[in-house]
Amino acid sequence: MTVVWNKVRAALRALEPKEEKLVLQEVKFKRQLFLRNVTRLKAVIVYFIDVGQFVQSCFEWESPVRSFIALVLWICGCIWFDISTIPAAALLYLLKNWLIRWLTGSASPSTADEYDVASDDEDDDDKEKEEKKTIKERLQAIQEVSQSVQNTIGYLASLGESVKNTFNFSVPELSWLTATLLLAAALVLHYIPIRMLLLLWGLIKFSRRLIRPHSVPNNEVLDLLSRVPDDEEIVSVF
């Protein structure tokens, strides 16, 4: 067998749609697969939550040195911000991960490879594990995961319905308040450069903890949407 490999063509091929498998196995519901997929999704969500908590810790001045560096970087970014900054920042993050991997000398296979091997082994041992577990343990595991999925889907549905009800005047007072805020935002964005607004927003966020030490961090948009009832609340009231 002779394999001809062209790096340029391979790189261009990676930017094209992936080939679809012509022969697909019928996907059946498996409790182990369901629990594993939920765990994978939870790990991704926890990762972004950790990133958000790290950013929030900079605003809270939990580490003065780190917050000061973040403030300086934010000011410099707002002053010299350019559209090329976005891919450059992603490139720096990529290089940072490569540098950590190179310094630690990590030559282990990727997480995806490890997962594939582990999943194959788990599939072979599914029947043995099912036999060892009692019915109560199975039901409890399914109930915990199902409750987590149920609460997440319910929260997202409620948030989406609140957005919809904001724009269809289900609560006229809140809808008119939103219209006023949108008009003010449009005028501000039209007359004030975006970099000045970002600089002002960053200064307010970083100085909040210093000026008002006991204030609670919040998100104004989510606070407004929390006042708008979703469809279930509207039905229960009216």
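This is a walk through one protein chain, from its overall make-up to a few of its residues. Keep in mind that the model you are looking at is predicted.

Let us begin with the whole chain. How many helices and strands does the chain have? There are ten helices and zero strands. If you trace the chain from the N terminus, the elements therefore read α-α-α-α-α-α-α-α-α-α, with helices numbered in order from that end. The chain has 238 residues, and 15% of them count as buried. Now think about which parts of the chain touch each other. Taking the contacts with a separation of 6 or more, 73% are between residues 24 or more positions apart. Some of the residues below will show you partners of that kind.

Our next stop is a pair of helices. Helix α2 covers residues 31-59, helix α3 covers residues 64-79, and the two pack with their axes 8 Å apart at an angle of about 95°. Is that arrangement roughly parallel or roughly perpendicular? Angles of 65 to 115 degrees count as roughly perpendicular, so α2 is roughly perpendicular to α3. You can find the residues that make this contact: F54, S57 and C58 belong to α2, while R66, S67 and A70 belong to α3. By type, the residues of this contact are three nonpolar, two polar and one charged.

Between α2 and α3 there is a loop, and W61 sits in it. What is notable about the phi of W61? The angle is near 60°, which is a positive value in a residue other than glycine. W61 also has a partner from far along the chain. R209 is 148 residues away from W61 in sequence, yet their C-alpha atoms are separated by 7.2 Å. R209 itself is found in helix α8, residues 194-211. Leaving out residues up to four places away in sequence, R209 touches F59, E60, W61 and S215. Is R209 buried or exposed? Neither label fits: its relative accessibility is 32%, so R209 counts as partly exposed.

Stay with helix α8 for a moment, because L203 has its place there too. L203 touches L71 and I75, again not counting residues up to four places away in sequence. Measuring from C-alpha to C-alpha, L203 and W74 are 8.8 Å apart in space, although 129 residues separate them in sequence. With 36% relative accessibility, L203 counts as partly exposed.

Now move on to helix α4, which spans residues 85-104. How far does α4 reach from its first C-alpha to its last? Its 20 residues reach 28 Å, close to the 28 Å expected at 1.5 Å a residue. Just after α4 comes G105, with a positive phi near 65°.

Another place to look is the loop between α6 (135-167) and α7, where you will find F169. Like the other loop residue we met, F169 is a residue other than glycine with a positive phi, here near 60°. Its relative accessibility is 39%, so F169 counts as partly exposed. F169 is among the residues touched by S175, along with N165, T166 and S170. S175 has its place in helix α7, residues 172-191. Why does S175 count as buried? Residues under 20% relative accessible area are called buried, and S175 has 4%, so it belongs in that group.

Towards the end of the chain, helix α10 covers residues 231-237 and includes E232. Is E232 buried or exposed? Its relative accessibility is 64%, so E232 counts as exposed. E232 and E161 are 71 residues apart along the chain, and their C-alpha atoms are separated by 9.2 Å.

Finally, here is what a database record adds. An unreviewed UniProt entry lists residues 68-95 and 176-204 under "transmembrane region". In the model, residues 68-95 are 82% helix and 0% strand, and the end C-alpha atoms of this span lie 23 Å apart. Residues 176-204 are 93% helix and 0% strand, with 27 Å between the end C-alpha atoms.

Technical notes: Residues numbered from 1 in each chain as written. Predicted model: local features only at pLDDT ≥ 70, side-chain atom pairs only at ≥ 80, totals over all residues. Heavy atoms only, no water. Axes fitted to C-alpha atoms, helices over the stretch in contact; angles between N-to-C directions. Helix = DSSP H or I, 4+ residues; strand = E, 2+ residues; numbered from the N terminus. Parallel < 35°, antiparallel > 145°, perpendicular 65-115°, else oblique. Contact = heavy atoms within 4.5 Å. Nonpolar A, V, L, I, M, F, W, Y, C, P; charged D, E, K, R; others polar. Buried < 20%, exposed > 50% of the residue type's maximum accessible area, 1.4 Å probe, protein only. Expected span 1.5 Å × (residues − 1). UniProt positions renumbered as here; feature names shortened; annotations may be inferred.
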